[in-house]
Amino acid sequence: MEKAKEQFAEILCKFNSSNIPVEKLEKLRIRKKLSHHEKRKWCLKVFCAALFTYFILSKIHLINTYDCILDMPSEIPRLFRSPEYCDICEGVSSIPKISNVTSEEFLEKYIKPNHPVVVADGAREWPALKLFNFDFFKQLYSSVEMNRNKHRNCQFFPYKTEFESLQEVFNMSKDRAMLKPGEKPWYIGWNNCNDEAGRYLKKFYDKPYFFSGMVENIALSWIFMGGPGHGAHMHVDNVRYPSWQAQLKGRKLWKLAPPPECYYKCQQLEVAMEPGEIIVLDTNRWYHQTIVLPGEISITIGSEFD
Ligand SMILES: O=C(O)CCC(=O)C(=O)O
């Protein structure tokens, strides 16, 4: 700073003793350069302000579409979940299979206490039982605009496969898709975030009959599909509501574990799902794992319910 002051005083002194008129000084190239420099600095400031405003506005738009400013690793919210009182699992020693249940009984006995249950006749009449298979989904998603990556709401779970998208799944060889011996096994899951596909799928299944009065989001149904010996690892979800899932093809074992703080009060539970059955549980509170049982491909469809 001192040095700059000295240099400036020297320049002033030279100018005073040079007798150059101020008008001529205005025309000096260095003066123009300096004023250009100022202009450039000003432009840069305006550009930065515009960029900042754009950033803030785009984040506000994301907030309004339920997305977060920062993507958090999925395990973080689970680490900080509030502890359970264990009332969901205390005294529960099995997952009952029930049929012909009224919505009032279902609500009182299973939804309110949050006890997992299988409704054996839940999906028995659904056309999806006969119609849904690998080729059905392949055709459906090749005829509707997929563009899944553009929607932040779209999720795809590759589990242990190398697939990076649903498109890649539907591009696998016919032999692998049909689980032919010697082919690489696969198990995947995705949510249907395409309204057109959601409306089409809905023609082949109903809102489970024991849910009268409860709402379910058709655009965000979840589909899980794959071969024996594979499934989802043990985990707990971080979604808004409890879920139901209908077994449409094949057989799948569900293993449920209580939250760790309830290990001394509660038991682990298991149930094998058969085609036509619907399991209902709060996957945000019960840890769960699935394994497809020997036999044909397992296909399920499900959704959260409120
Ligand atoms: O059906 C499966 O294999 C996994 C289901 C699951 O993890 C879930 O619904 O949260």
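Here is a short chat about a predicted model, covering its sheet, its core and the shell around its ligand.

Colleague: Let's start with the sheet: which strands are its edge strands?
Modeller: The sheet is open and has eight strands, with mixed pairing, in the order S1-S2-S9-S6-S11-S5-S4-S3. An edge strand pairs on one side only, and that picks out strand S1 (97-98) and strand S3 (156-157).

Colleague: Moving inward, how many bridges join S6 and S11?
Modeller: S6 has S9 on one side and S11 on the other in the strand order. With S9, the pairing is antiparallel over four bridges, and Gln 245 has Ile 279 in S9 as its bridge partner. On the S11 side, Trp 244 is partnered by Ser 303. That pairing is antiparallel too, and the number of bridges between S6 and S11 is six.

Colleague: Is S6 largely enclosed or largely open?
Modeller: You can tell by counting its buried residues: six of the seven residues of S6 are buried, so the rest of the structure leaves the strand largely enclosed.  S6 also gives two or more residues to the largest nonpolar core. The word for S6, then, is enclosed.

Colleague: Which strand gives the most to that core?
Modeller: The core has 28 residues, and those with the most contacts inside it are Val 118, Ala 246, Ile 278, Ile 279 and Val 280. Elements giving two or more residues include helix H5 (103-111), strand S2 (117-119) and strand S9 (278-281). With four residues, the top contributor is S9.

Colleague: Which residues of S9 does Val 118 touch?
Modeller: Leave out residues up to four places away in sequence, and Val 118 touches Ile 95, Lys 97, Val 271, Met 273, Glu 277, Ile 278 and Ile 279. Strand S9 spans 278-281, so the ones to pick from that list are Ile 278 and Ile 279.

Colleague: Now the ligand: which elements give two or more residues to the shell around it?
Modeller: The residues surrounding the ligand include Trp 222, Phe 224, Ser 243, Gln 245, His 288 and Thr 290. Elements that supply two or more of the shell are strand S5 (222-226), strand S6 (243-249) and strand S10 (287-292).

Colleague: How many residues of that shell are polar?
Modeller: Gly 189, Gly 231, Thr 283 and Thr 300 are in the shell, and so is Asp 237. Three residues of the shell are nonpolar and one is charged, while the polar count is eight.

Colleague: Last one: what stands opposite Trp 222?
Modeller: Trp 222 belongs to the ligand's shell and sits in S5. S5 pairs with strand S4 (residues 187-191) in the antiparallel sense over five bridges. Opposite Trp 222 stands Asn 191.

How values were computed
Residues numbered from 1 in each chain as written. Predicted model: local features only at pLDDT ≥ 70, side-chain atom pairs only at ≥ 80, totals over all residues. Near = placed C-beta within 6 Å. Nonpolar A, V, L, I, M, F, W, Y, C, P; charged D, E, K, R; others polar. Pairing = 2+ DSSP bridges. Core = buried A, V, L, I, M, F, W, Y, C linked by C-beta atoms within 7 Å. Buried ≥ 20, exposed ≤ 12 C-beta atoms within 10 Å, placed from the backbone. Contact = placed C-beta atoms within 7 Å.
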